[in-house]
Amino acid sequence: MMAKKPPKPAPRRIFQERLKITALPLYFEGFLLVKRSEYQEYEHYWTELRGTTLFFYNDKKNTMYVDKLEIIDLTCLTEQNSTDNNCAKFTLVLPKEEVQLKTENTESGEEWRGFILTVTELSVPEDVSLLPGQVIRLHEVLEREKKRRIETEQLPSTSPEKEREPSEDYVDVLSPMPACFYTVSRKEATEMLEKNPSLGNMILRPGSDSRNFSITIRQDSDMPRIKHYKVTSVGKNYTIELEKPVTLPNLFSVIDYFMKETRGNLRPFIYSTDGTFGMFISLLY
C-alpha cells in the first residue's frame, strides 16, 4: 500500500479554538462525505474525530462545527460496495440512526474505519490494512481514549440528579458559559458583529434583567440585518421567545439550536486568542 501524506493540521489558533469549544482530544481528521437521515444528499465536511464524537465543519479553517455525531454507542460499521473504485463507503449503525460516510480514497477510508472502531470498541481492529506507523497511531489513540474515559468516570458529581442532566454541547472548558457569551449591551454586541464579521455572527449577552439573556445575530443577505432574540430562564431550562417558543435544557443547547436551524450559517462570535477582544472593547468607548 502506498503511503500518502497526512492531512495538513489546522493552524494552531484554529486548533486551540476547537479544543476550547469541544473540550475533547483530537484523534483523526480529514474530509468526509456525510449523509444523515435528515440530509437529502451527501454533505462535504472537514471532519474531526474527538473522543467518541465526530465534529463536522463546513471548511477546515472554521473554528465552529455545524453538526456533530456521538458514536460511542456504535452498533456496527458496515462496508458498502462503491461504484467509484477510488473511494470507500461505509455505514455507521447507531441505535437511533444510520449514517453513511464516503471518503476521498480507499486508504483514508481504511484509516477512518480503524480510528472509529478503535475508540468505540476500545481495541485496535485486527483486519485493518494499514502501514505499521498508522497501526502504531491506533494503539496510541487507544491508550489516550482509555485514559480519557477513566478520568471522565472519576470526575466528582454533586448529586445523582446532576449525573442525569443532559451533557452540555459547545462547552468552554474554563467557563460555565458558552464561549460566545459577553457582558455587553445590545449596542455593543451590534457593533462587535458589524466591525468583525469574520469572527462569527452570533453573540449571547445578558438580558434586560439579571435573570434572562439575549441572542444578537447578524444575517448577511442583500443588506446585513441585526436581530435580537430574548432567552428566558424558566426553572432549570431556557426558552427562546419565538413565534413557537423553544425550550432547551441549557444555554449551550440554545447556541446549538441556532446553529443547527440555520445549517451553520449562524456561527458563535469568538474572539481570537491573540487579545483581539481587548482591542474591540477599546474601540467601543
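Two strands count as paired if DSSP finds at least two bridges between them. Helices (H or I, at least four residues) and strands (E, at least two) are DSSP runs, numbered from the N terminus.

A quick word on what you're looking at: this is a predicted model, where local features need pLDDT of at least 70, side-chain atom pairs count only at pLDDT 80 or more, and totals for chains, interfaces and linings use all residues. Residues are numbered from 1 along each chain as its sequence is written, and side-chain values use heavy atoms, with hydrogens and water left out.

**Exercise 1. Work out how S3 pairs with S2 and S4.**

Step 1. Start with S2 (43-50) and S3 (53-57). They pair in the antiparallel sense over five bridges, and Glu48 has Phe55 in S3 as its bridge partner.

Step 2. Check the link. S2 and S3 form a hairpin with two residues between them, and Gly51 in that turn has a positive phi of about 60 degrees.

Step 3. Now go to the other partner. S3 and S4 pair in the antiparallel sense over four bridges, with Leu69 in S4 as the bridge partner of Leu54.

**Exercise 2. Decide whether S3 is buried or exposed.**

Step 1. Get the cut-offs straight: buried means under 20% relative accessible area, exposed over 50%, and partly exposed in between (1.4 Å probe, protein chains only).

Step 2. Look at the side chains. Thr53, Phe55 and Tyr57 point one way from S3, Leu54 and Phe56 point the other way, and all are buried.

Step 3. Conclude. Five of the five residues of S3 are buried, so the strand is largely enclosed by the rest of the structure.

**Exercise 3. Place the strands in their sheet and find what packs on it.**

Step 1. Read the order: seven strands make an open sheet, S4-S3-S2-S1-S7-S6-S5, with antiparallel pairing. S4 and S5 are the edge strands, each pairing on one side only.

Step 2. Add the twist. Neighbouring strands of this sheet are turned by 35 degrees against each other on average, direction ignored.

Step 3. Zoom in on one end. S5 and S6 (residues 89-93) pair in the antiparallel sense over five bridges, and Glu79 stands opposite Phe90 in S6.

Step 4. Bring in the helix. H1 (residues 12-22) packs on the sheet, touching S1, S2 and S3 (contact means heavy atoms within 4.5 Å). The direction of H1 makes about 75 degrees with that of S2; axes are lines fitted to C-alpha atoms, for helices over the stretch in contact, and angles run from 0 to 180 degrees between N-to-C directions.

**Exercise 4. Find out where Leu74 sits and which residues it touches.**

Step 1. Locate it: Leu74 is in the loop between S4 (67-70) and S5 (76-80).

Step 2. Check burial. Leu74 counts as buried because its relative accessibility is 15%.

Step 3. List the neighbours. Not counting residues up to four places away in sequence, Leu74 touches Leu92, Val93, Leu94, Ile116, Leu117 and Thr120. Leu74 and Val93 are 19 residues apart in sequence, yet 6.1 Å apart in space, C-alpha to C-alpha.

**Exercise 5. Trace the strands S10, S11 and S12.**

Step 1. S10 (residues 225-234) and S11 (residues 237-240) pair in the antiparallel sense over four bridges, and Thr232 has Thr239 in S11 as its bridge partner.

Step 2. Two residues lie between S10 and S11 in their hairpin, where Gly235 in the turn has a positive phi of about 65 degrees.

Step 3. S11 also pairs with S12 (residues 246-248) in the antiparallel sense, over three bridges. Here a hairpin joins S11 to S12 through five residues.
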